[in-house]
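Trainee: I would like to learn how to read a protein model feature by feature. Could we walk through one together?

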Amino acid sequence: MVYHKEGAWWRDSKPQFDNITENSPAKTEKQAQGREKTMAYGILNRHNDSGQNDRDAFHIHFDGMLSHDITYVGIIQTARASGMKSFPLPYVLTNCHNSLCAVGGTINEDDHVFGLSAAKKYGGIYVPASQAVIHQYARETMAGCGKMILGSDSHTRYGALGTVAMGEGGPELVKQLLGDTYDITKPKVVLIYMTGSLRKGVGPHDVALLMCKNLFGTVKNMILEFAGPGVSTLSMDQRIGIDVMTTETSCLSSIWTTDSKTEAYLDDHGRGNEYFPLQPQEGAYYDHVVELNLSEVEPMIALPFHPSNAVTIRELKADPHRYLDPIGLGDKVVDGQIRVDQAEIAGCAGGLYENIEEAAAILDGHDIGCGAFTLNVYPTSTPVEMALAKDGTITKLLQAGAVIKPSFCGPCFGAGDVPSNKGFSIRHTTRNFPNREGSRPQDGQKAYVALMDARSIAATAASGGVLTGADEVEYDFECPAYHFDGSLYQKRCYNGWKEGPKPDTQLVFGPNIKDWPVMEPLKDDLLVQLASVIRDPVTTTDELIPSGETSSYRSNPIKLSEFALSRRDPAYVGRTKEIKKLDPESVGLSKETTSVGSAIFCNKPGDGSAREQAASCQRVLGGAANFCLDFATKRYRSNVINWGMMPFTVDSFPYEVGTLVYVPGIKQALADGRSEITGYAFDKDHPDQKEPIQLHLGILSAEERQILLEGCLMNYYRTIHK
């Protein structure tokens, strides 16, 4: 893989590099015109609110939305409190995250019952538990060429089907439910120019992990556009498996060229009329180019604790202690071989039909043995599972010792198949962040998860848990033709978008479903005290609000907030409660004109999940600001803003827990549209010794400024709907 920072023009179906180094307005304008010829901008322009004449930003209305059972209750509760009467666009509520989580008694199923009642009342689409993971349902029933879809899950990616899709925090979905737009600065576009074809034993996750290794952080908030002769060599499942992992590069979204394979996929799923060819126009401009020769890709493994921490399996096996000793896995090397404790093929990336078919072919005639090693396989939807059952694939897997489980996302975030303490788990899932798939460092529990393609997972399973690349084993494979049977969804899924809203339906509230607490509007000045300072290079949303067992409490904002930063800074919650008692007059400030709250500092917060709770839990606890050198993702910064916390970036931050930061005139600064303001850091015992600190607010839309002034998105909508 070769990454070119310089721009390029699409001419004669390939990139021609722009080597002109001058930076002139004329060149900038020409590049802007060229971006209009990309596939991405063609779709974005068709969804842009034409009533907002904004040269620098898009204001998007989506074709459809979807959420799962960790997020939809909070979204609906927020929208309902903000004045929503019905869903104005198709909105799918899936149940694939809390469907097997047993924490908290009845509360998971209570959320599902609430979801069905909301689908009936407001006209939504309800997908019961174990029917499909969120993104597979969208691929099978929603995505189409030229469409745009918004989801409250970070892996909302359907570019391989010609759809520009974004994963965002819940408040952005609330805006769509209230008729508002999704506003983004016009993004850069990166061409992923594919050539060659995959070798036997190499799968989509190998390509994806290679991309994560080389692109993580460099394509932040950009759109990846896949084109080139290599695309046509990939099956649709292979394209989809690569595409869903683009989230882990930190990009905004993705889009692929479409062809006869795309058309056949959509036709098989009953949406052949939603196909049309997508190709870059002659003269399209790309800000950067990635040349990716599929023929050169090898089986990969992303070691703990990030998808970008990737290395070829060949390199790992050649020098295992070099890679495993620094992360605490040196004891997994036994007699020169790397021993694995557990394997998972699951979720929106791993549970695809072709992945499981080829894994079964590799395992055919082998078994995983009767030792500690286990293999669990989760087909990504009931139509996929039924096809695997009909052609005997599930029988092969069972005979090999695998366990077949229903459609579920839990292995990706720690709510299912958590490995043993210090266990080494290989997974064809999307993430392997620290403190995610079962780690609880405060209790001395540590889980180690590595990402691998289903093919190499099957090769490892056939070796009884000895790490093995799929290119090291002999097997025959020709994938059977897949045919989608949508009758399962017709029998089990409630389609309120088709039937229409039923306003008289009563929402069903379980005892854990609680309303949001009152959040106060911003006063003239702001006083915050640091409740946590984290200087890791990147802080993930899993560290800001842990996944796994906390998922059951996502419908109860007050109870959930008790888990905030619990695996990274267990004292954080207690500190925030003390800060709530802070009297501005104790440091010489006015109680009437000064808002008081807690704050955190992280070098780069917000990598990973789109979950809004990473920000909302801080706000529920009295959070008023985030300080950082930079935000890891656009979606986390949006969550911070939508929950009424100041998104301050700083050039340096030498302060520690307990430091106070006073920001005079913050209300007027927001009203005036200023992008910078001076704050003053000081110690509570020495309020007269204040040190100035420059705070950057960055680019804020007029609406975002008003949200901050009102105290949160809910307050903002209550104000405009009076």
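**Reading the model**

Mentor: Gladly, and let us start with one residue: Ser407 sits in the loop between strand 22 (403–404) and helix 16 (410–413). Helices (H or I, at least four residues) and strands (E, at least two) are DSSP runs, numbered from the N terminus. This is a predicted model, in which local features need pLDDT of at least 70 and side-chain atom pairs count only at pLDDT 80 or more, while totals for chains, interfaces and linings use all residues. Residues are numbered from 1 along each chain as its sequence is written, and side-chain values use heavy atoms, with hydrogens and water left out.

Trainee: Is Ser407 buried or exposed?

Mentor: Buried means under 20% relative accessible area, exposed over 50%, and partly exposed in between (1.4 Å probe, protein chains only). Ser407 has a relative accessible area of 1%, so Ser407 is buried.

Trainee: Which residues does Ser407 touch?

Mentor: A contact means heavy atoms within 4.5 Å. Not counting residues up to four places away in sequence, Ser407 touches Ser99, Ser130, Gln131, Ala132, Val133, Pro379, Thr380, Ser381 and Thr382. Take Ser130 from that list: Ser407 and Ser130 are 277 residues apart in sequence, yet 4.8 Å apart in space, C-alpha to C-alpha.

Trainee: Where is Ser381 found?

Mentor: Ser381 belongs to the loop between strand 21 (374–377) and helix 14 (382–390). Ser381 is buried, with a relative accessible area of 0%. Leaving aside neighbours within four places in sequence, its contacts are Gln131, Ala132, Gln136, Glu140, Ser407 and Tyr489.

Trainee: And what does a loop residue at the other extreme look like?

Mentor: Try Asn53, in the loop between helix 2 (39–47) and strand 4 (57–60). Asn53 is exposed, with a relative accessible area of 83%. Asn53 and Cys145 are 92 residues apart in sequence and 26 Å apart in space, C-alpha to C-alpha.

Trainee: How should I read a sheet?

Mentor: Strands of a sheet pair through backbone hydrogen bonds, either parallel or antiparallel. Here two strands pair if DSSP finds at least two bridges between them. One open sheet has six strands in the order 9-8-5-6-7-25, with mixed pairing. Strand 9 (164–167) and strand 25 (494–495) stand at its edges with a single partner strand each, so one side of each has no neighbour in the sheet. Within that order, strand 5 (residues 64–67) and strand 8 (residues 148–151) run parallel, joined by three bridges. Gly64 has Ile149 of strand 8 as its bridge partner.

Trainee: In which sense does strand 15 pair with strand 1, and in which with strand 11?

Mentor: With strand 1 (residues 2–4), strand 15 (residues 288–293) pairs in the antiparallel sense over three bridges. With strand 11 (residues 189–195), strand 15 pairs in the parallel sense over six bridges. Val289 of strand 15 shows both pairings: His4 stands opposite Val289, and Leu191 has Val289 as its bridge partner.

Trainee: Which residues does Ala227 touch?

Mentor: Ala227, in strand 12 (residues 223–227), touches Trp10, Leu191, Ile192, Tyr193, Met194, Thr257 and Pro280, not counting residues up to four places away in sequence. Ala227 is buried, with a relative accessible area of 0%.

Trainee: What about a helix?

Mentor: An α-helix has 3.6 residues a turn, so residues three or four places apart point the same way. Helix 26 (residues 702–710) is mostly covered, with seven of its nine residues buried. Those are Glu703, Glu704, Arg705, Ile707, Leu708, Leu709 and Glu710. Their cover includes helix 6 (170–177), strand 10 (182–185), helix 24 (634–642), strand 31 (646–649), helix 25 (666–672) and helix 27 (713–720). After helix 26 comes Gly711, whose phi is positive, near 105 degrees.

Trainee: How many helices and strands does the whole protein have?

Mentor: The protein has 27 helices and 34 strands. Of its 722 residues, 64% count as buried. Among contacts between residues at least 6 apart in sequence, 76% join residues at least 24 apart. The C-alpha trace spans about 75 × 60 × 60 Å along its principal axes.
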